[in-house]
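Me: I would like a close look at a single part of this structure, one helix and its surroundings, with the reasoning spelled out where there is any. Please take it step by step, in connected prose.

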Amino acid sequence: MPFIHVKIAGPELEPAQIAALQQGVTTLMAELLHKQGTLTAVLVEQVPLAGWSVGAEPVARAAQLDAIISAGSNTPEQKARFIAEAYGMLRAVLGPELSDISYVVLHDVPKDSWGYGGLTQATRAKGAVAA
């Protein structure tokens with residue numbers, strides 16, 4: 001199921017913000033992309049603000065949300081809605097200083113090229129293992 005990596009630059013995140021990001025993206029994955037929330041892994045990582053720029057200019061706060069999903073498992077409309085709502089969730093949790101140039105990226109990976117527990121998603125899709 002999905003792996004989501006959320007990178008945040010800016011003021012130190014509060015534990016409640018980290019929890020809100022983890023819960024928010026897990027909920028969006030389940031509700032909009034029909035992924036199993038119990039199998040959705042989320043890593044929230046704080047990165048140095050000095051290392052992030054937009055147009056070669058510093059920013060007050062920026063984010064990138066990368067999510068790995070199985071290729072062909074969602075429609076373009078579902079993915080567009082996820083991207084819009086995920087950005088809205090980022091802004092709600094991180095505040096209005098979040099740069100508009102903060103990305104949400106869905107990586108459609110072939111089912112035979114990723115997995116968890118030592119099994120590919122293709123193997124799981126064939127019903128060899130309940131997941």
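Reply: The expected span of a helix is 1.5 Å times one less than its number of residues, and that rule is a useful place to start with helix α2 of this predicted model. Helix α2 covers residues 76-94. At 1.5 Å a residue its 19 residues should span 27 Å, and because its end C-alpha atoms are 27 Å apart, the expectation and the model agree.

The next matter is which side of the helix faces inward. The buried residues of α2 are K79, F82, A86, Y87, M89, L90, V93 and L94, where buried means under 20% relative accessible area. Seen down the axis of α2, these residues fall within an arc of 160°, so they line one face of the helix. An α-helix has 3.6 residues a turn, so residues three or four places apart point the same way. On the face turned away from the buried side, α2 carries the exposed residues E77, A84 and A92. Just after the helix comes G95, which takes a positive phi of about 100°.

What covers the buried residues of α2 includes β1, α1, β5 and β6. With respect to the strands, α2 lies across β1, β5 and β6 and runs at about 140° to β6. The other helix named among these neighbours, α1 (residues 15-33), lies across β1, β2, β5 and β6, and runs at about 140° to β2.

The strands beneath belong to an open sheet of four, in the order β2-β1-β5-β6 and with mixed pairing. Its edge strands are β2 (41-47) and β6 (103-109), each of which pairs on one side only, and the twist from one strand to the next averages 15°. Strands of a sheet pair through backbone hydrogen bonds, either parallel or antiparallel. Going through the sheet in order, strand β1 (residues 3-9) is joined to β2 by seven bridges, and the two run parallel; within this pair, K7 has E45 of β2 as its bridge partner. Between β1 and β5 the pairing is antiparallel, over seven bridges, with F3 standing opposite I68 in β5. Strands β5 and β6 run parallel and are joined by seven bridges; here D66 has V105 of β6 as its bridge partner, and Q64 stands opposite Y103 in β6. The chain passes from β5 through α2 to β6, and this β-α-β crossover is right-handed.

Strand β5 (62-70) is one of the strands that both helices lie across. Seven of its nine residues are buried, so β5 is largely enclosed by the rest of the structure.

A residue elsewhere in the chain gives a contrast with the buried side of α2. T38 sits in the loop between α1 and β2, and at 75% relative accessibility T38 counts as exposed, whereas M89 is among the buried residues of α2. The C-alpha atoms of T38 and M89 are separated by 20 Å, and the two residues lie 51 residues apart along the chain.

Notes:
Residues are numbered from 1 along each chain as its sequence is written. This is a predicted model: local features need pLDDT of at least 70, side-chain atom pairs count only at pLDDT 80 or more; totals for chains, interfaces and linings use all residues. Side-chain values use heavy atoms; hydrogens and water are left out. Two strands pair if DSSP finds at least two bridges between them. Axes are lines fitted to C-alpha atoms, for helices over the stretch in contact, and angles run from 0 to 180 degrees between N-to-C directions. Contact means heavy atoms within 4.5 Å. Buried means under 20% relative accessible area, exposed over 50%, partly exposed in between (1.4 Å probe, protein chains only). A crossover is right-handed if, with the strands pointing away from the viewer, the path from the first strand over the helix to the second runs clockwise. The arc is that of the directions from the helix axis to the C-beta atoms.
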